[in-house]
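Q: Please take a close look at the aromatic ring pairs in this structure. I would like to know where the paired rings lie and whether they are buried or exposed.

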Amino acid sequence: MAITTSIIRRLLKNLFIFAVVSSYQLQAAAAPYNSVTISSFTYSRTVLKPYEWRYIRVDLPTWFSSMNIALESDVGLDPKSIRKVPRSTMPMICAREGTLPLPDVYNTSFTGLVLESISNGSFGGTQGLQISEQCYPLQKNISVRLTNEQITPGIWYFGLFNGIGSTRTQSKMISRGPTYSFSGNISVEGCSTPMMGGEYCNQTVEQLSCVDTYSLTISPDSKSNNQTAENVASCRNDDEKSCSGDNEPKFYSLDIMGISEKIIITVANVRFNQTGRFNGSSNGSGIILMCYARHGAMALANLHDYSGNLNNASLVIQSPKVGRWYITIQPVNLSNEIGGVQNVSVKVCYSLEWQVHQCPLDKAGLNCTSERYVLQTVLRKNPTVPFESYFLPVSNKLSSDSANFLLEPLLSNYSYGGNSTVAWTYFLLEIPYGAVGGNIHIRLTSDSKISKEIYARYGGLPSLDNWDYYYANTTSSSSNNSMFFKLYDSTEETVSFYILYVRGGTWSFGLRHLAPTDNASKDQTSMSISLERCPRHCSSHGTCQSVLDASGLSLYSYCSCDRNHGGFDCSVEIVSHRGHIWQSISLIASNAAFILPAYWALRQKAFSEWVLYTSSGISSGLYHACDVGTWCALSFHVLQFLDFWLSFMAVVSTFVYLADIDEVSRRTIHTIVAILTALMAETGPTRSSNIVLVISIGTVGLLIGWLMEFFSNYRSISFSTEYFLNVLYGWEAIRGWIRNLIKTLLKRFHWGFVLAGFSALAMAAVSWKLETSESYWIWHSVWHVSIYTSSFLFLCSKAKSVNTDDEQRLPDANYELTRQDSFSRGH
């Protein structure tokens, strides 16, 4: 709970910062098109290691005009080479409206991937990105401007992925692959007043609103006495203000605040050139009034959700979504369309009328004949992660203390049409906006075969023709081909599915079932609807992690799977049980190769080296036993530190051993190396550069040891000025010294063992390079054997100490100078 409280505090703090940054920043110069900068975020350079990802959240208010995205990365893939890159390792950027993109729910499905360069037109006319997503390869430079004609306002999420697939969530000790980095800026521009709209804020948008309502009594059919009172909000605007010329559109906005049954849009008092008046469905001017409607964005003739000719009939929008609707009325001169003479003086005036039909709170559906229940949120007791809850219907028909509730007392008992046996029952719930990154879990359990169908829709009531997700039965089709719908082990008596990374707001679930009758079966069906942070609690093969996105405004969760499983819910078995046993044996038993250098060190009475090799092999075996999940003698972090630190020390100690220096000097070098390698093992043990650093440190230690040996053997040399002057003329002495040095090196080492040691070291380097997530166990085992074998061969390459006292030395400079002086005085 302490971790959860800390995360929530960070979330609230970042929300405060966002509120400050998002305050209007009026441009210093005269702003073109009456636009202002609503928000601007700069993201510093962020590194994406293999299979890492980052999410970026962007808030677009209803009055936004455009969003500008500028990203820079070090991805060096051109459009031609990008097609040759495996999709599982391809760096990509994905976008989704309302919640987080998740491109690898299904291992074989990359439906949203577009192998083209992202541009301003990439999102042109995109709709339905709530239930799908769009992905593009990540490029070196991305500059995109998206307008309110292309995307709808709300919360948008962009995900940057360095590789996808089931191994993305698999726990790995070391991940091999390219590392990329990105940085960028995202700014949002909006209109200076809500009355303006369009890409350049140059379109006037009239907001429609009224409070006049009345009740309309509806009788579903002539044979039934079942009558329902429907609330209708009917309004009309001022016809004097609704005048426009040929092909000159007028824009309106209408806010739908709650679940509604339908919107009816019509026109009245149509006048042409202010000389004639036509109240019928046709006119003699050849001009028709086209109506375009779109949810969340400006409605255009080529981009809309609904359209209709208002001269012929009213435009009816069934089950409209909650939120802002944009309505465009555009006069179209048919005589121009068929090549007639253009009449530029034609002007059309009209009164726009609209009706919003809403059922009573407990009714819904066609003619308000279906039962509707609002589900209340019940927080789980002591949740392991935040925002986990379940939902229960608010009704006096039943009481339930658990997350399950019976359906039979709640089902609608009337089917429209009188002769139909199918009825609908609706359930409404609210998902907190802070719970983005959670998953809705629907479960049905019955005593007999389940014949019910479930339809889900965001922001409005679902129907057979209008839904986001649905489940029919095990033999019929369902939304299982959707990347955000996951069906689990359902049978004839049990249905269980998830809606993944659900967006915050109003969700409606329609239950399509047989209408209850007196002869209906007495079997009972229970239903549960819950909000879970991780599907199936990561299938008991991982842990649920909660983190903040890159903007610090959204808390999302994901499964961190164990070594043998992967996938977004840890349900994909990457390593079988038999394979796990073989990998464990290979990684642990291969450390037995430490016996070779440890035995030789003990035989040579090099006790410090013997301790290092022995402790390194034992700690590596214990670390890999814990890493594969067999047994953890200590905490994972402690074992990892000991493994890498002692391994680094063992490599450097091998180099230092090759120098023939006294024990005091050796202990001094070991102490310095212990400090350096401990820092490396603590700050970044798995970095590939550590191999080069360790070998470099060992080489430097060997050179220092040789220098110390050299100066100890030739400390009688006096480095006076006369000596250097004499050496300039003593080439024979220098050549003799070099020959002696070469003879010493040849006698110091058994060069066959040296070459064999370097061959084993090269094999270790090759195995390190070939390691991947899939082949890690085999190549890392080869690494263990190779690195210990190379240490053993290097230890064997050292011959017994050469007695340099009997060898030829450089002539004593002081003696030579004295001898020359005596000769000169003799003359």
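A: What follows deals with the aromatic pairs, then with charges over rings and one acidic residue.

The model is predicted, so local features need pLDDT of at least 70 and side-chain atom pairs count only at pLDDT 80 or more, while totals for chains, interfaces and linings use all residues. Residues are numbered from 1 along each chain as its sequence is written, and side-chain values use heavy atoms, with hydrogens and water left out.

A pair of aromatic rings is described by the distance of the centres and the angle of the planes. Here, rings of Phe, Tyr and Trp (its six-membered ring) pair if their centres lie within 6.5 Å; planes under 30 degrees apart count as stacked, over 60 as edge-to-face and the rest as tilted. The structure holds 27 aromatic pairs. One of them joins Tyr-469 and Trp-507, which are stacked at 6.4 Å centre to centre with 25 degrees between the planes. Tyr-469 belongs to strand β29 (residues 469-471) and Trp-507 to strand β32 (residues 505-514), so this pair ties together parts 38 residues apart in sequence. Helices (H or I, at least four residues) and strands (E, at least two) are DSSP runs, numbered from the N terminus. Tyr-469 and Trp-507 are both buried, where buried means under 20% relative accessible area, exposed over 50% and partly exposed in between (1.4 Å probe, protein chains only).

In another pair, the ring centres of Tyr-623 and Phe-636 are 5.4 Å apart and the planes are at 40 degrees, so the pair is tilted. Tyr-623 is in helix α5 (residues 607-627) and Phe-636 in helix α6 (residues 636-657), so the pair ties together parts that are 13 residues apart in sequence. Tyr-623 is buried, with a relative accessible area of 0%, whereas Phe-636 is partly exposed at 32%.

Ring pairs also link Tyr-458, Tyr-469, Tyr-471, Phe-485, Phe-497, Trp-507 and Phe-509 into a cluster.

Some rings have a charge over the face (NZ of Lys or CZ of Arg within 6 Å of the ring centre and within 35 degrees of the ring normal). Arg-168 lies over Trp-53, at 4.3 Å from the ring centre, and Lys-798 over Tyr-657, at 4.6 Å.

Lastly, Glu-532 lies in strand β33 (residues 525-532). The side chains of Glu-532 and His-441 are joined by a polar contact of 3.1 Å (a pair of N or O atoms within 3.5 Å; within protein, one must be able to donate a hydrogen and the other to accept it, and residues adjacent in sequence count only if both atoms are side-chain atoms).
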